[in-house]
Amino acid sequence: MDFFSSDAFLTALARDYHGARTFDFKMYEVKGRQVRLAEVNGSKILTTGPFYDYVKPVPSDGKLKETINYIPKLLTSSIALGDEDPAASVPRTNQEPAPLIEWEGFTTWDEYLALIRKRSKSLLHNQRRRLRRMSEELGEPVFTFDNPDIEALHLCVEWKIQQYEGGHETLEAPGALAMLKSLFKDGHLVLSTLQVADKYAAVQAGFLWQGEYLALLPAYDPAFAKYGIGKELLLRMLDYSYHQGHQSFDLLQGAEPYKWDFATHVQLIESHGRPPRVRRTRDALERVAKQRLLALSPHLFYRVKRLVLLGRRYLTYATNKFQGKGRVQRGH
């Protein structure tokens, strides 16, 4: 069972983000696919949420299941990437890519480095040059794969928010932060860090589950950007993951160029089934509003986005204060 279908993730999603009074985990069928989801407060089925990258089908056990009509992000397939032009291997569809590294294809670490060199003759060379410069100027960086310091998580979130001019809707939501901290406390969220001169320079938060690593939030101190500190941390994490015998290193959703330098496969994610009319209407209106605001003034768009985020946070706070904290139970 993958992490996004596990008790650990679904509990954090239901309890810490949604504040559910009761919740349970059930198998559902959607258009011939079987999935494991959380049901909260006896009725609402969760198919989306913060850090919920995709829903992965699980093998059918032949029993009758409750039926749902729509999954917004279902992992439908995984294909191998070409060695020299990996992005060209991705089919031109509306599916979202989630690049992945499968370690079983490499008998040695040097074989994997050879793949990176085949795709980019300069990547590793340039990174060694940046590392040498940083070490000479500031000292050798110290790598930790699983850092227990909660301050590293706070910095990761802070740096990530700074990357977004209009704010980061997920990371600025109290429930999402509560969810991250809960997963960190339970040992499912791992913080990997690089420290330079006893100062955190880069942090990546990720999930580690049954030999699979999922890279969730990469972030770094902008003061170290010239040294390629984020890529340095990633390379050390990949080295660690390979030598620890992990099955895979999942770079999760997103077609950022750097992911194609490292991935061996790509997972394809798509909506499955037909969304409710209310959702279709809302999504269409949001797309039109965003396009018009960006065309009018990107600065205005980010101001509006910031106000919307502030309004949502206030509404969440007021709602929680009015309702009070209910007792959370696992349903049966």
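This report walks through the salt bridges of a predicted model and then looks at the surroundings of one asparagine.

## Salt bridges overall

Searching the whole structure turns up 10 salt bridges. The general idea is familiar: side chains of opposite charge can pair when their charged atoms come close. Three of these pairs are picked out below, along with a small network.

## Arg15 with Asp16

Start with the pair formed by Arg15 and Asp16, whose side chains meet in a salt bridge with an N to O distance of 3.0 Å. How accessible is Arg15? Its relative accessible area is 29%, and since buried means under 20% and exposed over 50%, Arg15 counts as partly exposed.

## Glu66, Lys26 and a shared network

Next come Glu66 and Lys26, with a salt bridge at 3.7 Å, again N to O. Glu66 sits in strand β4 (residues 66-67) and Lys26 in strand β1 (residues 22-30), so this pair ties together parts that are 40 residues apart in sequence. Glu66 is partly exposed, at 43% relative accessibility. Lys26 is partly exposed as well, with a figure of 26%.

## Inside helix α6

Now for a pair within one helix: the side chains of Arg236 and Glu232 form a salt bridge at 2.8 Å, N to O. Both residues belong to helix α6, which covers residues 229-243. They are 4 residues apart there, about one turn of the helix. Are these two buried or exposed? Arg236 and Glu232 are both buried.

Back to the strand pair for a moment: which residues are joined into one network by salt bridges that share partners? They are Lys26, Glu39 and Glu66.

## Asn147 and its surroundings

Leaving the charged pairs, have a look at Asn147, found in the loop between β7 (142-144) and α4 (150-162). Despite the loop setting, Asn147 counts as buried, with a relative accessibility of 6%.

Which side chains make polar contacts with the side chain of Asn147? One is Thr193, at 3.1 Å. Another is Tyr200, where the side-chain contact is 3.2 Å. Thr193 and Tyr200 also turn up in the wider list of residues in contact with Asn147, which leaves aside neighbours within four places in sequence. Phe184, Leu191 and Gln195 are on that list too.

Methods
Residues are numbered from 1 along each chain as its sequence is written. This is a predicted model: local features need pLDDT of at least 70, side-chain atom pairs count only at pLDDT 80 or more; totals for chains, interfaces and linings use all residues. Side-chain values use heavy atoms; hydrogens and water are left out. A salt bridge is a side-chain nitrogen of Lys or Arg within 4 Å of a carboxyl oxygen of Asp or Glu. Buried means under 20% relative accessible area, exposed over 50%, partly exposed in between (1.4 Å probe, protein chains only). Helices (H or I, at least four residues) and strands (E, at least two) are DSSP runs, numbered from the N terminus. A polar contact is a pair of N or O atoms within 3.5 Å; within protein, one must be able to donate a hydrogen and the other to accept it, and residues adjacent in sequence count only if both atoms are side-chain atoms. Contact means heavy atoms within 4.5 Å.
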